[in-house]
Amino acid sequence: MKNPQPLGFLAVPPAGDGQGVLVLHAWWGLNDTIKAFCTRLAESGFVAFAPDLYHGKVADNIADAETLGKALDANYLHAKAEIVDATRFLNARAGQADHGLAVIGFSLGVYYALGLAAADPEHIRSVVIFYGTGDGDYSRSRAAYLGHFAEQDEFEPPSNVDNLEAALRRAGRPVTFYRYSGTGHWFFEPDRSQAYNRAAASLAWDRTLAFLKHSSQPG
C-alpha cells in the first residue's frame with residue numbers, strides 16, 4: 001500500500017523518480033515561489049515535495065507572515081509530526097531510497113530542517129539552509145550541510161551563523177557555509193523584490209544543485 005500524499009506540492013522529474021528533496025517553506029507559507037523552486041528541482045532530476053505547514057494559508061506581508069509563523073511554532077510538535085509524514089511519503093515516492101533524502105529549509109523552515117536531520121539520520125543525507133539557523137544537538141546526524149547566508153541580515157546576526165557552523169563541526173559533520181555580499185534576508189526569493197539579488201540567487205542555485213547531485217551518489 002502506497003503512502004498517501006500529505007497536504008503539499010509534489011514535483012516529479014520526467015524520468016518519474018530520482019533523489020527525494022523535502023522543501024520546507026519560509027514563514028510566507030507554501031507560495032508560488034516555493035512551488036516554482038520544487039518544479040525547478042524536478043526539472044533537474046529530483047523528486048521534490050513541499051509540505052503545506054500552514055494548511056492553505058499564505059502571507060504576502062511581514063505582519064501576516066509573523067502571525068502565521070508564531071502560530072506554527074506554538075504548535076511545533078504537530079508541525080514536526082507532519083514533516084515526518086512528508087518524509088515517509090517522499091522516501092517511498094522518490095524510488096531511490098538507498099540514496100537517502102535531502103532537506104532544504106528556507107528561513108522559518110530551517111529550524112525544522114535541522115531538527116529532522118538530527119531526529120532521522122537514517123533517511124536524511126544532506127541539508128541545505130537558506131538564511132536561517134537553529135540550536136540543537138547534531139551528534140546523531142549523518143548529513144552533510146550547505147548554507148546560504150546574507151551579509152546584512154536583520155533576522156540572523158553573524159554570531160548565529162557562526163554558532164551553528166561551530167556546532168555542526170563539533171558533531172563531525174561536513175559543513176560549507178557561504179555568505180553573499182551585498183545581500184539581505186530573502187535574497188533568493190524573486191517575489192521579495194526589495195530583497196531579491198539575481199546574481200547571488202543564481203550562484204546559490206548552482207551551488208545547491210552541485211551539492212545535491214554530489215550527495216545523491218551512493219556510498
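Buried residues are those under 20% relative accessible area, exposed ones are over 50%, and partly exposed ones fall in between (1.4 Å probe, protein chains only). By this scale, Asp191 is partly exposed, with a relative accessible area of 35%, whereas Arg192 is buried at 16%. The model examined here is predicted: local features need pLDDT of at least 70 and side-chain atom pairs count only at pLDDT 80 or more, while totals for chains, interfaces and linings use all residues. Residues are numbered from 1 along each chain as its sequence is written, and side-chain values use heavy atoms, with hydrogens and water left out.

Salt bridges make a good place to begin. A search of the whole structure finds 6 of them, each defined as a side-chain nitrogen of Lys or Arg within 4 Å of a carboxyl oxygen of Asp or Glu. Asp191 and Arg192 form one such pair, at 3.9 Å from N to O. A network of salt bridges links Asp162, Glu165, Arg169 and Arg179. Within this network, Glu165 is bridged to Arg169, with the closest N and O atoms 3.1 Å apart. Both residues lie in helix 5 (residues 158-170), 4 residues apart, or about one turn of the helix; helices are DSSP runs of H or I with at least four residues, strands are runs of E with at least two, and both are numbered from the N terminus. Glu165 also meets Arg179 in a salt bridge (3.5 Å, N to O). This second pair links distant parts of the chain, with Arg179 in strand 7 (residues 175-180) and Glu165 in helix 5, 14 residues apart. Glu165 is buried, at 17% relative accessible area, while Arg169 is partly exposed at 45% and Arg179 is partly exposed at 42%.

Attention now turns to the interior. The largest nonpolar core has 74 residues, and those with the most contacts inside it are Leu41, Phe106 and Phe188. Such a core is a set of buried Ala, Val, Leu, Ile, Met, Phe, Trp, Tyr and Cys residues joined through side-chain atoms within 4.5 Å. Leaving aside neighbours within four places in sequence, Phe106 is in contact (heavy atoms within 4.5 Å) with residues including Val23, Ile34, Phe37, Phe130 and Phe188. Thr87, found in helix 3 (residues 76-94), is buried at 4% relative accessible area. Not counting residues up to four places away in sequence, Thr87 touches Leu22, Leu101, Leu116, Asp120 and Ile124.
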